[in-house]
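User: I am new to this structure and should be grateful for a close look at a single part of it. Please set out one helix with its surroundings, and then place it in the wider model.

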Amino acid sequence: MYNLLKIALRNLLRYRRRTLLTASLIMIGVVFVLVFMAVTGSVKSLLIGQITDSMLGHLQVHKKGYVASIDNLPLTITLTPKAMQKIDKTIKEIPEIEAYSTRIKFGGLFSNFVETTNIRLNGVVPEMELKTVPLLPTRIIKGEKTLKKGDILIPELLAKGMKVTVGDTVVVIATNKDGSVNGRQFKVSGILESVTGPGGRDGYIHIEDAMEVLRMDQMEISEIVLRLKDFGTLQNVYESLMGTLSQEKNEAGKPIFEVHTWEKLSPFYNIAQMIDIMTLFIKIMLIAMVLVSIMNVMIMAVYERMREIGTISAIGTMPGKILSMFVLEGLSLGIFGALIGDAIGCIIIYILNISHITFNFGRQTGLLLAPHIGVADILMVSATVIVVSVAASLQPAFKASRMEPIEALRHV
Amino acid sequence: MGLITAHNIYKDYQVGEVSLRALNDLNFEIEPASFLSFVGPSGSGKTTLLNLIGCLDTPTDGTLTVSGTDVVSLDRKQRAAFRGRHMGFIFQDFNLIPVLTVYENIEYPLIMVQNVPPEERGRRVLSLLESVEMTEQKDKYPDQISGGQKQRVAVARALVTEPELVLADEPTANLDSKTAYMIIELMKEMQRKSGTTFIFSTHDQKIVGAAEIIYTLEDGMIVDRKDTGGNAHV
């Protein structure tokens, strides 16, 4: 094998310019794919982070059927204290969960005593909510960063439309699950900017205030939002939660709870998927690039070295060794291009990181681009290039190995 | 039994719709350790015959036995293996591998064909380098040596596997007269040392005399056989 490799490498060096050009083409492809993956990956995780850490959380638990009716914010599909105990126990048994927050969500009327409009309200325990969606305070563009009883955080959309500002008194009116209407005065403590996706008309009040407005005797939770220590464990935690909670059945034998990851709750997931599809297309382009360039070089090599093939074949070299010789040339070219591409790709990603490039998303400005590429991704891209290089060499190598020595020796 | 036995050998080539007969009913027997030449004008069938003996091609009809093996019945892979075990080749254009040094070119068949252990390889290659007087050039590449030196390397490469038979098709055609004589002398000397059968083709009457046996070919037929004892002046 060493000798075959030696001959393969020397043959590559023999046509230095051609080798360099082909390796450069592979290298450019690898660099492009790595940098693209790093940048889009960074943008994607930043955007996902913005959405999950501002409002959505990583996972949500509801009573079965709630998400199907989520636009109505139903007060009849809620989690009772008994159900909450079960969920609380399950959550505490999963070490990957960092924090969770309980919410009472309802729709109501918002009045500044002159005009009235509708509002979606989240009754939360401020301490739990801040631990679960830590970017929430960054969305408060005016007023206090905390939420006390009797206070309301209102969306900017409403504040502007209703000409309400921090310190103003407003009234929230809502219908409870029994159909009776109740209202309560609140002091506007802060104004929230909206986040892409749900939340454009969402306001926040203390959970006890929500219970009072809705005249709840006991706390009936609409949703539980979970935050994980490591976003990468999302699928595992989801399966673990589902495994436990799906065993809880009602009297009719139907599941009591439903668990959803952020992906099922946010339309942004489609954008994230589009980024993944774009990455896939870029990878396919890389494969085509490597395939065509290596195949072209190897076909040329076989054509130019016909007499050499005839000679080594005549003196008794077995077809398998001739095949290996050419495949090793393609393989070496692929490895060379991939390694240089990996190195340059990593350098470019490093430069992008130290350049502190920022971008805007919705109303979020100055989001820092932090491209990152994992070792597994580098290995996967490199392995793809190497496998494709070998595949591209196979046809010319097979042709060389099948050549009749007498015909090859006659070649001029 | 001879090293090579040919009975009623025919070789036809199809050129378009026309069939051309290159060899016509050849019968001969070659003894081991011969130094033999096929001579004749261009198109007489010398190269075709050497290709058949060298298992690079198969006859249209007839039986051909080399070293006790019916080579006509061998498939492609078996023919390659047979060539590697029993034969060495010297080509008109030297056909050295350009990316290998002189040493590596001679060593090539021992690694790629016969899988000889490194120590034995070194011994054989150095010995042959000395015999063909190329020791000083052993680290040079083919494009750094002269045509005569290239053919010396080719002779060494053909002999390194210790074959029973070395086939040389017009080995002096691309060399000047002086170098051509030197190469033929070298081949003769190597034949004496190793006892290997050397068969070469040529149309150069000046070097033919070096052969112990001379077969003359015309229009694909053997028209003459001379046993000169190899004493003719070269």
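Analyst: The account below follows one helix of chain A, its partners and its setting, and then turns to chain B.

The model is predicted, and local features are reported only at pLDDT of at least 70, side-chain atom pairs only at pLDDT 80 or more, while totals for chains, interfaces and linings use all residues. Residues are numbered from 1 along each chain as its sequence is written, and chains are lettered from A and ligands numbered from 1 in the order in which they are written.

The part chosen is α12 of chain A, residues 319-354. Helices here are DSSP runs of H or I with at least four residues, strands are runs of E with at least two, and both are numbered from the N terminus.

One partner of this helix is α10(A), residues 268-304; the two pack at an angle of about 140°, with their axes 10 Å apart. Axes are lines fitted to C-alpha atoms, for helices over the stretch in contact, and angles run from 0 to 180 degrees between N-to-C directions. Angles under 35 degrees count as roughly parallel, over 145 as roughly antiparallel, 65 to 115 as roughly perpendicular, and the rest as oblique. α10(A) and α12(A) are therefore oblique to each other. Their crossing is right-handed, a term used when the near helix is turned clockwise from the far one by less than a right angle, anticlockwise being left-handed. From α10(A), the contact draws on Val290(A), Ile294(A), Val297(A), Met298(A), Ala301(A) and Val302(A). From α12(A), it draws on Phe326(A), Glu329(A), Gly330(A), Leu333(A) and Gly334(A). Two residues are in contact if their C-beta atoms, placed from the backbone, lie within 7 Å. By class, this contact has eight nonpolar, two polar and one charged residues. Here Ala, Val, Leu, Ile, Met, Phe, Trp, Tyr, Cys and Pro are nonpolar, Asp, Glu, Lys and Arg are charged, and the others, Gly among them, are polar.

A second partner is α13(A), residues 375-402, whose axis comes within 7 Å of that of α12(A) and crosses it at roughly 155°. α12(A) and α13(A) are therefore roughly antiparallel to each other, and this crossing is also right-handed. The residues of their contact divide into 19 nonpolar, eight polar and three charged.

Helix α1(A) also reaches α12(A), as Leu12(A) shows. Leu12(A) lies in α1 of chain A and counts as buried, with 23 C-beta neighbours inside 10 Å. A residue is buried if 20 or more other C-beta atoms lie within 10 Å of its own, exposed if 12 or fewer, and partly exposed in between. Leaving aside neighbours within four places in sequence, Leu12(A) is in contact with Thr19(A), Glu329(A), Ser332(A) and Leu333(A). Glu329(A) and Leu333(A) belong to the α12(A) side of the contact with α10(A) as well.

The stretch that precedes α12(A) is α11(A), residues 306-314. α11(A) is mostly covered, for seven of its nine residues are buried; among them are Glu308(A), Ile309(A) and Ala314(A). Their cover includes α12, α13 and α14 of chain A together with α2 (76-86) and β6 (87-90) of chain B. Just after α11(A), Gly316(A) takes a positive phi of about 110°.

The same region takes part in the meeting of the two chains. In total, 18 residues of chain A are in contact with 17 residues of chain B. On the chain A side, α1 (2-14), α11, α12 and α14 (405-410) each give two or more residues. That side comprises seven nonpolar, six polar and five charged residues.

On a wider scale, an automatic or database domain assignment gives chain A domain 1 (2-51 + 270-410) and domain 2 (65-255). The centres of these domains, taken over C-alpha atoms, are separated by 51 Å.

Chain B offers some further detail. Most residues other than glycine have a negative phi. Asn95(B), which is not a glycine, has a positive phi of about 50°; it lies in the loop between β6 and α3 (102-112) of chain B. With 22 C-beta neighbours inside 10 Å, Asn95(B) counts as buried. Glu133(B), also not a glycine, has a positive phi of about 55° and is partly exposed, with 13 other C-beta atoms within 10 Å.
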